Amino acid sequence: MAMSESLAHRGPDGEGMFIRGPVRLTMRRLSIIDLEGGEQPMTNETDSVHVVFNGEIYNFAELRESLVGYGHRFRTRSDTETIVHAYEQWGDDFVSHLNGMFAIALWDETQARLLLARDRAGIKPLYFAHMNGALVFGSELKALLKSGLVPRKLDYEAFGQYLSLEYIPAPASIVRGVQKLRPGHLLTASMSEVQVRAYWDLSLGKSEIDPSPGDEPGQVRAFRDVLQRAVQQEMVSDVPIGVLLSGGIDSSTVAALMTQATDEPVQSFSVSFAERSFDESTFARRVATHLGTSHHELRVTPDDLREVLPTIVTKVDEPFADPSIVPTYLISRFARDRVTVALGGDGGDEMLAGYSTLQAHRLASVYRAIPGAVRRGLVEPAVARLPVSSRYLAFDFLMRRFVQGADAPPWRQHQMWMGALYGDVKSAVLHPDIRQAVDEPGFEAMLADTAAASGAAHPLNRILYQDFKLYLEGDILAKTDRASMAASLETRVPFLNLDVLSHLERVPVGLKLNGLTRKYLLRKAVSDLLPRSIITRRKRGFSIPVAAWLNDELRGLAHEYMNEPRLRREGVFNPQGVKILLDEHARRVRNNAKMIWTILMFQVWRERWFDGA
């Protein structure tokens with residue numbers, strides 16, 4: 001019961017349980033489809049296959065029709081029941097027939113086998129631990145910790161990944177012995193063994209060719225069509241539905257396609273900030289007015305952060321340093337007052353080359369052509385003297401990051417531009433006793449292996465693959481899932497619909513990043529749906545003004561968790577190294593906000609989940 005209760009926020013509408021022999025399945029339900037008949041666990045006619053799952057199967061209607069043709073009989077209208085019959089029909093290959101977001105647990109009593117499956121992109125989380133003859137699993141780490149079978153021991157290698165990336169990618173977790181099931185993977189467990197294998201992987205090989213000039217109009221129409229169908233498919237719901245609208249091109253596209261799919265005004269939700277460089281509310285309002293949505297806006301302040309930080313750290317039970325989780329949770333809680341499901345634009349950047357770092361990769365090759373003596377003697381000192389700004393993606397911050405990573409291999413370069421602590425700075429903030437345990441060579445090998453696993457010849461495709469496998473799963477989707485489910489709001493991401501993924505795998509890479517124009521194909525595909533100012537605007541991202549707040553409203557919070565006596569007592573961080581970061585930032589010599597925030601969030605997490613356990 002403790003495991004189930006720890007996940008009550010993910011499913012406040014109902015609870016189900018199956019206990020038989022060595023197996024115990026429990027679930028919490030957020031009712032979306034077939035409100036009356038969709039209770040879980042769901043069982044087949046012979047009471048031999050039992051399923052619990054978190055998520056949605058978007059092609060359940062088509063699957064149902066196909067399975068009825070094979071002779072299967074359905075008792076409900078729910079998408080869960082299609083999983084039961086799909087397994088009966090296709091065995092372990094059932095998962096290849098599912099288009100959706102899901103974490104599934106299936107018990108086959110006849111064969112005494114347990115199956116765990118996670119969707120292709122990792123939209124829904126799934127943790128597991130195999131220890132002392134038991135397999136324990138759940139949608140969040142806290143459920144495993146509540147089982148009484150998992151000791152709270154820090155995994156230092158995962159901790160090192162967190163310090164650099166600001167998150168912990170699958171299969172690692174912060175607790176030793178606990179893993180995340182990788183996206184696109186299936187785990188099977190019997191009394192004798194536990195096996196994990198991939199059932200799907202992102203393949204970008206077919207996109208290596210350059211597009212021909214005459215091919216572009218057809219590519220634009222085809223992409224618009226497949227994205228429109230995905231949005232329509234993901235709008236299926238028996239409860240109120242809306243859209244999280246940032247004012248960027250991804251969420252604006254989703255909102256536009258939603259308005260085309262319904263005669264009712266779409267409910268849209270956005271946030272605003274007083275700090276203008278972080279505030280996108282003007283763009284969100286412009287889109288809402290253009291599309292005629294019923295728009296709702298929430299203002300976010302530093303007081304909001306202090307209020308919700310304990311809730312966020314409780315719900316996000318691994319260290320997580322992407323500060324955009326704060327407004328994501330606030331907007332989810334705000335939207336939940338009016339809707340139960342919300343669509344969003346996550347995944348567009350990773351699949352369509354939306355990050356500014358991709359432009360930087362092309363510029364880095366030009367920069368490296370400058371003689372080293374000129375770079376070291378003129379460029380780097382000039383960059384170091386740039387005045388420090390706390391604005392969003394300020395010029396000095398971008399230039400210092402660019403110069404820092406320009407000579408690194410592309411797979412490392414990319415993470416250095418996006419992440420937090422690397423190299424000598426990372427070593428300097430760690431306590432000497434744990435530096436070796438953090439295992440920097442192992443982290444470097446993980447990055448290199450991920451890039452190599454793409455099998456892509458084009459350097460941009462290798463980076464897109466790396467972002468899909470690491471940043472998308474470990475940061476973007478983890479943030480959206482934890483923040484929205486903490487508010488009992490289901491979020492759906494049409495850009496990661498299987499049909500869209502399969503389509504974009506084949507789109508020529510030159511239609512994703514065309515010269516220095518990011519998301520070229522998307523901009524062309526929705527040029528008639530959105531205002532030109534939205535189509536052409538610079539990507540801003542969804543974050544909070546951490547750099548400014550750390551020198552003002554949040555200064556006391558940083559001191560509380562990062563003061564010298566506390567750090568010395570805990571023995572994880574080197575107080576002197578941390579003090580240098582804080583002093584430089586306070587004197588505005590350097591913008592160290594990403595590094596400070598990463599350490600601060602670990603400290604807050606540790607107090608809640610280890611020291612306060």
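This is a short tour of the chain, from the overall view down to single residues. Keep in mind as you go that the model is predicted.

**The whole chain**

Start with the protein chain in cartoon view, where you can pick out 27 helices and 16 strands. The radius of gyration is 24 Å, close to the 25 Å that the globule rule gives for 613 residues, so the chain is as compact as a globular protein of that length. Turn the C-alpha trace along its principal axes and it spans about 75 × 60 × 45 Å.

Now switch on a surface. Its accessible area comes to about 23800 Å², and carbon and sulfur atoms contribute 50% of that. Of the 613 residues, 60% count as buried. If you display contacts with a separation of 6 or more, 72% of them join residues 24 or more positions apart. Colouring by charge shows 72 positive and 75 negative side chains, with the centres of the two sets 6 Å apart.

**Helix α20 and its surroundings**

Next, select residues 498–505, which make up helix α20. Six of the eight residues in this helix are buried: Leu-498, Val-500, Leu-501, His-503, Leu-504 and Glu-505. To see what covers them, add α6 (216–234), α11 (348–352), α19 (459–486) and α21 (520–525), which are among the covering elements.

Step back to Asn-497 and show its side chain. Asn-497 caps the N-terminal end of α20, with a side-chain oxygen 3.0 Å from the backbone nitrogen of Asp-499.

Then follow the chain out of α20 to Lys-519, in the loop between α20 and α21. Lys-519 is not a glycine, yet its phi is positive, near 50 degrees. Its relative accessibility is 5%, so Lys-519 counts as buried.

**Two of the covering helices**

From α11, move on to Ala-353, in the loop between α11 and α12 (356–368). Here is another non-glycine residue with a positive phi, this one about 65 degrees. Ala-353 is buried, with a relative accessible area of 0%.

Over in helix α19, select Gly-474. Its relative accessible area is 6%, which makes Gly-474 a buried residue. Which residues does Gly-474 contact, leaving aside its neighbours within four places in sequence? They are Tyr-167, Ile-168, Pro-169 and Phe-320. Draw a distance from the C-alpha of Gly-474 to that of Ala-170: the two atoms are separated by 6.8 Å, although the residues are 304 apart along the chain.

**Two cis peptide bonds**

Stay with Ala-170, because the next stop begins there. The peptide bond from Ala-170 to Pro-171 is cis, with omega near 10 degrees. Pro-171 sits in the loop between α5 (156–165) and β9 (179–180).

For another cis bond, go to Gln-40 and Pro-41, where omega is near 0 degrees. Pro-41 belongs to the loop between β2 (23–29) and β3 (42–43).

**A last stop at Asn-551**

Finish in the loop between α23 (546–550) and α24 (555–562), where you will find Asn-551. Is Asn-551 buried or exposed? At 16% relative accessibility it counts as buried, since the cut-off for buried is under 20%. Show the side chains around it: beyond residues up to four places away in sequence, Asn-551 touches His-585, Ala-586 and Arg-588.

Technical notes
Residues are numbered from 1 along each chain as its sequence is written. This is a predicted model: local features need pLDDT of at least 70, side-chain atom pairs count only at pLDDT 80 or more; totals for chains, interfaces and linings use all residues. Side-chain values use heavy atoms; hydrogens and water are left out. Helices (H or I, at least four residues) and strands (E, at least two) are DSSP runs, numbered from the N terminus. The radius of gyration is taken over C-alpha atoms; the globule rule is 2.2 Å times the number of residues to the power 0.38. Buried means under 20% relative accessible area, exposed over 50%, partly exposed in between (1.4 Å probe, protein chains only). Contact means heavy atoms within 4.5 Å. Accessible areas come from the Shrake-Rupley method with a 1.4 Å probe; for residues, only the protein chains shown count as cover. Lys and Arg count as positive and Asp and Glu as negative; His and the chain ends are not counted. The place of a charge is taken as NZ of Lys, CZ of Arg, CG of Asp or CD of Glu. A polar contact is a pair of N or O atoms within 3.5 Å; within protein, one must be able to donate a hydrogen and the other to accept it, and residues adjacent in sequence count only if both atoms are side-chain atoms.
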